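Here are my notes on this one, jotted down as numbered points. Have the model open while you read.

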Amino acid sequence: HVQLQASGGGLVQTGGSLRLSCAASTRTSRGYTLAWFRQATGKEREFVAAIKPTNSNPFYADSVKGRFAISRDNAKSTLYLQMNSLQPEDTAVYYCAAGLGIIHSNLRIPSSYDNWGQGTLVTVSS
C-alpha cells in the first residue's frame, strides 16, 4: 500500500501555469505506475496522464497533450504534473494515483489504480 499526498493546486488565470506534486509514502512506489486524474464538479473522474515505473513513454489524454507534462523522481518518491496554457475547462480537483501491473489498455481507467491521494483543487479563471 502506498500513501499519496498531492499539493500545488491553486487559482490561476487563463494561459497560466501550475506545477502539481504528489509525494509517496514509500520508496517502493518506484515500482508503481503513477498517474494523474481530475474530476470537475458534476462530472466523472477522468484520466489526465500516466507514467510507468521506468520513467519512459508517458501517456496523456488528448485534451492535455502538448500542454501538460508528467514526470517522476523515483529517488524522491515524488510525481509531478507541469501544467501550462491552462484553460477554464482544466478547472477540477486533481488526484494522483498509483497502481501495480497496469497494462497499457487500462492506464486510463480509474479502477486500475488502488492507491489515491486526497486531491488538490485547480481553478482557472477566464
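1. Let's start from the outside. The accessible surface of the protein is about 6300 Å², and carbon and sulfur atoms make up 48% of that. Keep in mind that this is a predicted model. As for burial, 43% of the 126 residues of the protein count as buried.

2. On to the overall make-up: you'll find eleven strands and zero helices, so far as compactness goes, the radius of gyration of 13 Å is close to the 14 Å that the globule rule gives for 126 residues, and the protein is therefore as compact as a globular protein of that length. Along the principal axes, the C-alpha atoms fill a box of roughly 40 × 30 × 25 Å.

3. What about contacts along the chain? Taking the contacts in the protein with a separation of 6 or more, 59% are between residues 24 or more positions apart.

4. Now the sheet. It is an open one, built from four strands in the order S1-S3-S8-S7, with antiparallel pairing. Strand S1 (4-7) and strand S7 (68-73) sit at the edges, each pairing on one side only. Ignoring direction, neighbouring strands of this sheet are turned by 15° against each other on average.

5. A closer look at one edge: S1 and strand S3 (residues 18-24) run antiparallel and are joined by four bridges. Which residue of S3 is the bridge partner of Ala6? That would be Cys22.

6. Then the core. In soluble globular proteins, nonpolar side chains tend to be buried together. Here the largest nonpolar core has 38 residues, and Trp36, Leu81, Met83 and Tyr94 are those with the most contacts inside it. Leu81 is a good one to click on: leaving out residues up to four places away in sequence, Leu81 touches Leu18, Arg19, Leu20, Trp36, Val48, Ala49, Phe68, Ala69, Ile70 and Tyr94. Two of those names, Trp36 and Tyr94, are also on the list of residues with the most contacts inside the core.

7. Last, Phe59, which lies in strand S6 (residues 59-60). Is Phe59 buried or exposed? Its relative accessible area is 17%, and buried means under 20%, so Phe59 counts as buried. Again leaving out residues up to four places away in sequence, Phe59 touches Phe47, Val48, Ala49, Ala50, Lys52, His104 and Leu107. Val48 and Ala49 are touched by Leu81 as well. As for Leu79, it is 20 residues from Phe59 in sequence, and the two are 14 Å apart in space, C-alpha to C-alpha.

Key:
Residues numbered from 1 in each chain as written. Predicted model: local features only at pLDDT ≥ 70, side-chain atom pairs only at ≥ 80, totals over all residues. Heavy atoms only, no water. Pairing = 2+ DSSP bridges. Helix = DSSP H or I, 4+ residues; strand = E, 2+ residues; numbered from the N terminus. Axes fitted to C-alpha atoms, helices over the stretch in contact; angles between N-to-C directions. Core = buried A, V, L, I, M, F, W, Y, C linked by side-chain atoms within 4.5 Å. Buried < 20%, exposed > 50% of the residue type's maximum accessible area, 1.4 Å probe, protein only. Contact = heavy atoms within 4.5 Å. Rg over C-alpha atoms; globule rule 2.2 N^0.38 Å. Areas by Shrake-Rupley, 256 points an atom, 1.4 Å probe, with all protein chains shown as cover.
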